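Here is a short round of questions on a single protein chain. Look it over before reading the answers.

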Amino acid sequence: MKSLILTVLYLAKDTLHRWLARLSSPLARVLVVFFLTLAALAGMGSYAISAKIITDKIVKNGGDTVIVSALSGGDSPTVFPRASELKEILNAEALSLITLGSASTESGSMPIYTYDFQHTAQMLPLMNKNGLPTILINARHKYPLGPTTVSVNKENHAAVAFKLPQGHLLNRLISHRALLVQPDALPYGVDISRGAPTLILKLTDITSARDAQKVEQYFRTYMKLEGKQANIISAAAIFKQLEDALSKQMQCRIAFCLGISIIVGILLTALAGIEYRQNEYIYTLMKSFGIRPILLVSAFIVENLLLVFGSAAAALYTFMQAQEFIVTQLLKLGNYSIGLQEIATEIQLIGITLLICIFISAIPVFIAAHRDIGKVLK
């Protein structure tokens, strides 16, 4: 055990001596690995950033919304789960409306919605205080606000136009405008029992097709148990297309890492072979004293592990600190940033290729370390 410790210490001292005697050797490995890894992170990180940008745009344009519209039929009306239940089960903000038909104004037609009484607290802030039907205007559209007249079943009714607040959930359902009436103040000729319920959900932290598919599957099962049918609208298909496109880019990323590994592998192999041959006589003497060749090979592997992964870690730290400049100025992708978790796949891919390079570079050393002692010392 003592001899093993002394051997390891000697090999460590010899490695430091070689570094100081020929500083260009470790410096070349450090700089090549550092800049190649930094370039790989900048290039491959752009894939992750692009995916994040596209995902954010999908969500911003309603990708986090799921709309479930129950079809008419059956002896009993469709009753959706309560908003509190959906919040707990699906982590989603929910609001349920009932479609009653259509109304018209001078500017065109619009759907009529009402709500069941469990949503009264959510809907009252949007309703007129006098109980008049309210025309809800999407926050993105312009429309004359205030008192107006709507026609329902060829009868005119007084109504008040009101613009929805920015970020309100109903902006996801109402594309332009809609007439909202209280369930106990329906216009003449409108029957709530014949209405088609519509549930709108805003999902929290949706990032993939799986998140939307989970909600779709939940309501398919729910409606099946209820003996009903429903149309479900979500962005699951769009997210799936994005994921398919990114998965196809994996080949490009692998080729990128392969190119880096070839460059690093050639450098490490050449330097390891040169340095071993320069010290071959000393190492052969050590073998003659009983030192196993595996220790000599291990010394070169550990040396490259320290230099290569130390350089890669420095490149990763530099990229994380300078990513704002790289993303905004070099890649021109806007004001976005990513965390380690979002590029974990890229880091693993680079780490695996570098590790393979290190072990491949040890092959010439392994062959040389097993040469016959007599042929070297003669």
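**Cores and pocket**

The chain has eleven helices and nine strands, taken as DSSP runs (helices H or I, at least four residues; strands E, at least two) numbered from the N terminus. This is a predicted model: local features need pLDDT of at least 70, side-chain atom pairs need 80 or more, and totals for chains, interfaces and linings use all residues. Residues are numbered from 1 along each chain, and side-chain values use heavy atoms, without hydrogens or water.

Q: Which helix gives the most to the largest nonpolar core?
A: A nonpolar core joins buried Ala, Val, Leu, Ile, Met, Phe, Trp, Tyr and Cys residues through side-chain atoms within 4.5 Å. Buried means under 20% relative accessible area (1.4 Å probe, protein chains only). Helices H2 (24-63), H7 (250-278), H9 (293-330) and H10 (344-369) each supply at least two residues of this core. The top contributor, with ten residues, is H2.

Q: Which residues does Val308 touch, not counting those up to four places away in sequence?
A: Val308 is among the members of the largest core that touch the most others. Contact means heavy atoms within 4.5 Å. Its partners are Val33, Leu268, Leu354 and Ile358.

Q: How many residues of each class are in the lining of the largest pocket?
A: The lining has 16 residues, with Lys60, Asn61, Gly62, Asn171 and Arg172 nearest the pocket centre. H2 and strand S1 (65-70) each supply at least two lining residues. By class, the lining has four nonpolar, nine polar and three charged residues.

Note on methods
Buried < 20%, exposed > 50% of the residue type's maximum accessible area, 1.4 Å probe, protein only. 1 Å grid on protein atoms, 1.4 Å probe; cavity = no way out; pocket = protein on both sides within 12 Å on 5 of 7 lines; lining within 4 Å. Nonpolar A, V, L, I, M, F, W, Y, C, P; charged D, E, K, R; others polar.
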